[in-house]
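The report that follows looks at how two chains meet, how the copies are related and where nonpolar side chains gather. Please keep the sequence and the structure at hand while reading.

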Number of protein chains: 2
Amino acid sequence: MKAARLAPVAAALLLVFSGNVFAAGSAAAGQTFLWLAVILALARLSSLVEKVGIPGVLGEMVLGVVLGNLSLLGIGFFERIGDDPIIAVFAELGVVILLFQIGLETTVADLRQVGARALAVAVIGVVAPFLLGMYVIGPLFMPEASASARLFVAATLCATSVGITGRVFRDAGRLDSPEARIVLGAAVIDDVLGLVILAVVSGFVQSGTVSAGEIAMITIKAFGFLAGAVVLGRAIAPHLSRLLARLNPEMPMKLTLLLSTGLGLAWAAHHMGLAPIIGAFAAGVLLEPLFLGDFNAPEIVRQLEPFARSLPEKEAAAFRAKLEKHAGHHHEQILEPLGHFLVPVFFVYTGMQVRIETMLDPKVMAVALGVTVVAILGKVLSGLAAGSANRWIVGFGMVPRGEVGLIFAAIGKALGVVDDTLFSVIVAMVILTTLATPPVLAVLLKRQARREAAIT
Amino acid sequence: MKAARLAPVAAALLLVFSGNVFAAGSAAAGQTFLWLAVILALARLSSLVEKVGIPGVLGEMVLGVVLGNLSLLGIGFFERIGDDPIIAVFAELGVVILLFQIGLETTVADLRQVGARALAVAVIGVVAPFLLGMYVIGPLFMPEASASARLFVAATLCATSVGITGRVFRDAGRLDSPEARIVLGAAVIDDVLGLVILAVVSGFVQSGTVSAGEIAMITIKAFGFLAGAVVLGRAIAPHLSRLLARLNPEMPMKLTLLLSTGLGLAWAAHHMGLAPIIGAFAAGVLLEPLFLGDFNAPEIVRQLEPFARSLPEKEAAAFRAKLEKHAGHHHEQILEPLGHFLVPVFFVYTGMQVRIETMLDPKVMAVALGVTVVAILGKVLSGLAAGSANRWIVGFGMVPRGEVGLIFAAIGKALGVVDDTLFSVIVAMVILTTLATPPVLAVLLKRQARREAAIT
């Protein structure tokens, strides 16, 4: 259609859009549709940075930082997205879906194989930042702060955000590397350890004392949840899968089994005081691809079976194998469209939480940079326990604090321990560790891939 | 694993679940995960009624009615889902996705073919219920009601919910029948006409007068939006599709193009005062499968191309055709998992809005039944304009008032024209027409299919 023919239509549209008739449907939903459409479109465009070797997740987060701070240039439109409570839920759903997907790509055997290493990395990754926080950051950067404030900063440094790192490993196609497994395992353990520390520190700050019994109870609860979910889940899941497949063996039922388990355990983790993503990851781990056989193969496999049968036996096997692998049959393939829809919402939303103006004070900036360096150092040290795996990749994989760090800071602020400046410092540290990790990790992974290629 | 081995784990889980450590992450999101998991699982199970020939959508709505009214039996747990504003947004997103999917399965050519018939059905479907409302329901069932109240009831009777009918046609695999196209076209026109009527009636009720100029303006705006969206959209979409595919020709970009268009137009329709589903339907119609070629074929097509090439020419063509059809390449296939996740939320949520206790008064019940009979009669009359298509299927396809009717009733209540009893009557009529349609339509469609089978 020629542009000239569009002019009257455009004019009519302008007229039409000049005002509301009246609102049909809920205003909140209508607004949400716009935000989701805008986030989705811009996030996909900004993840095009992958073409020049920058991780897509970094593009999405930087997009969020830009959109969230356009008000500094007088454009307030996008700032409202970052304050929208419904978009916040979509963002959290996005990161739950992401960790569920990562869990689905991880098996219990994978984790067991790296179990001891992951535990060692996790422990160093908590102890080192905590000690550095208490005895380096405290005296050096916040000499006037109270003991409680120091404790809180130290606790915040212990957090690990598995979402950011997991996404970088995933985008690089390295989720099945020993490094990824160690980091994923360690990050999950760290989240639980961090929870215990945060609970202890919060208890201490509030009552001035905390008993060994309370600490033990919190620890048992947290680890009990994880172990219980995976053990009980793996005992129930095969039977449930077979039962549901007998009721209806098609894809929608399989999708329902997947999503209800993922969302259900995300809620259960939340209910336990853990981050919902930990529950989603556990759900992904316990749902093994072995249940695939309970459900019908996708339409395309059924449609192409006559072709397979017409082939010589050996070729037929190869054909079926390819068909099986790429037919969209696997758990993680079914979730792909959902992930592509919801995951970017999380990263853009996280970026939007950055308030650039709080970091413009040079003194705050300097302290934030110092704290960030120590924060990176503390986690990189944990790489020392990586054994034969690449220490730098494991160490840097543990660096991002992500939303877990933000939650810690928010709780400290709510308790009155963390003041506005300290909050800005913590937020800056969380952001800097989160933004710095994807590019560093991408370079390290590329270097490793080159080295492997050189050897073989 | 033996059950005996599970006992200690179960005991540990019980201990673990006995209390919260503290809440990490937003409470709203955690709760939402649980609601979504529960709705999804129960909805999938309740749609198993399809096995005995009952439409799945009816199972989901009845599930909603049951869950929403369990408080009558002292179980208040599920009632909170129906009051949750975030679940309301997910429900509206669900029906937007559904209408977008239905739009994708509908082409402009389809609609043009049935255009005149659909317009005739739409006009009768608005005029007949309105007149019956004013001159039958008014004197017969609500002799004491004000002229404004009568006007409002008559206007509510004009609504058509394309969501329910579309889902029934879709579940029955009859979306490409002439009847489905006429009803879809007529329902879209009706939504716009209903909007005009509602705007006029609201204006009259508020100011006691309404000018012909205002009516004209509202009509132009509403139809201008629809025509403008489709015409402008179809002019822009091919270029946009080619541009985006050049930037990144993989599935995530295609999904983004689809969802951003669907959600963007849903918002635009909402912004215009139309129901968001109308915008989503328009978006689906304007995105033709012809843009598929701009993007890369799915992995499975690429992987199996060597096999295709090894076949004799004629077989290769058949193979490629099957591959193309079932590869999950098509717009509507990409959206399937999203639809299976979100669409049931809408139908369960709609069912939950039913308050059984408001209908327990025998007098209210009698009036509601009378109004419902007239409401069904008014829309079934519109089937007379269906020409060579099956009049009963078209007529009954127009019957459900669905969420559009509920919106009308809510506006009337907000304006103070509709009192509590009248509101209950309208809600009962909306529910009864909505619940009655799927089974009747299913029987009619099955009878038609049998007749067709007998002829051929």
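## Contacts across the interface

Between chain B and chain A of this predicted model, eight residue pairs are in polar contact, counting pairs with both residues at pLDDT 80 or more. The side of chain B that touches chain A is made up of 66 nonpolar, 19 polar and nine charged residues, and the rule finds zero salt bridges across the interface of the two chains.

The size of an interface is often given as the accessible area lost when the parts come together. By that account chain B and chain A bury about 8600 Å² between them, with 79% of this area on carbon and sulfur atoms. In terms of residues, 94 of chain B are in contact with 95 of chain A.

## Relation of the two copies

A turn of 180°, with a shift of 0.0 Å along the axis, lays chain B on chain A with an RMSD of 0.0 Å. The two copies are therefore related as by a two-fold rotation axis, and the same surface serves both of them, since 100% of the contact residues of chain B recur in chain A.

Which residue of chain B comes closest to the rotation axis? That residue is Leu338(B), whose C-alpha lies at 2.9 Å from the axis.

## Nonpolar cores

The largest nonpolar core has 204 residues, and those with the most contacts inside it are Phe90, Leu93 and Phe341 of chain A together with Phe90, Leu93 and Phe341 of chain B. Leaving aside residues up to four places away in sequence, Phe90(A) touches Thr32(A), Leu36(A), Leu342(A) and Val345(A), and also Val89(B), Phe90(B) and Leu93(B).

A second core, separate from the largest, has 32 residues, among them Val126(B), Met142(B), Leu198(B) and Val205(B).

Technical notes: Residues are numbered from 1 along each chain as its sequence is written. Chains are lettered from A and ligands numbered from 1 in the order in which they are written. This is a predicted model: local features need pLDDT of at least 70, side-chain atom pairs count only at pLDDT 80 or more; totals for chains, interfaces and linings use all residues. Side-chain values use heavy atoms; hydrogens and water are left out. Contact means heavy atoms within 4.5 Å. Buried area is the accessible area (1.4 Å probe) that two parts lose on being put together, summed over both. A salt bridge is a side-chain nitrogen of Lys or Arg within 4 Å of a carboxyl oxygen of Asp or Glu. A polar contact is a pair of N or O atoms within 3.5 Å; within protein, one must be able to donate a hydrogen and the other to accept it, and residues adjacent in sequence count only if both atoms are side-chain atoms. Ala, Val, Leu, Ile, Met, Phe, Trp, Tyr, Cys and Pro count as nonpolar, Asp, Glu, Lys and Arg as charged, and the others, Gly among them, as polar. Copies are superposed by least squares on the C-alpha atoms of residues with pLDDT of at least 70 in both. A nonpolar core is a set of buried Ala, Val, Leu, Ile, Met, Phe, Trp, Tyr and Cys residues joined through side-chain atoms within 4.5 Å. Buried means under 20% relative accessible area, exposed over 50%, partly exposed in between (1.4 Å probe, protein chains only).
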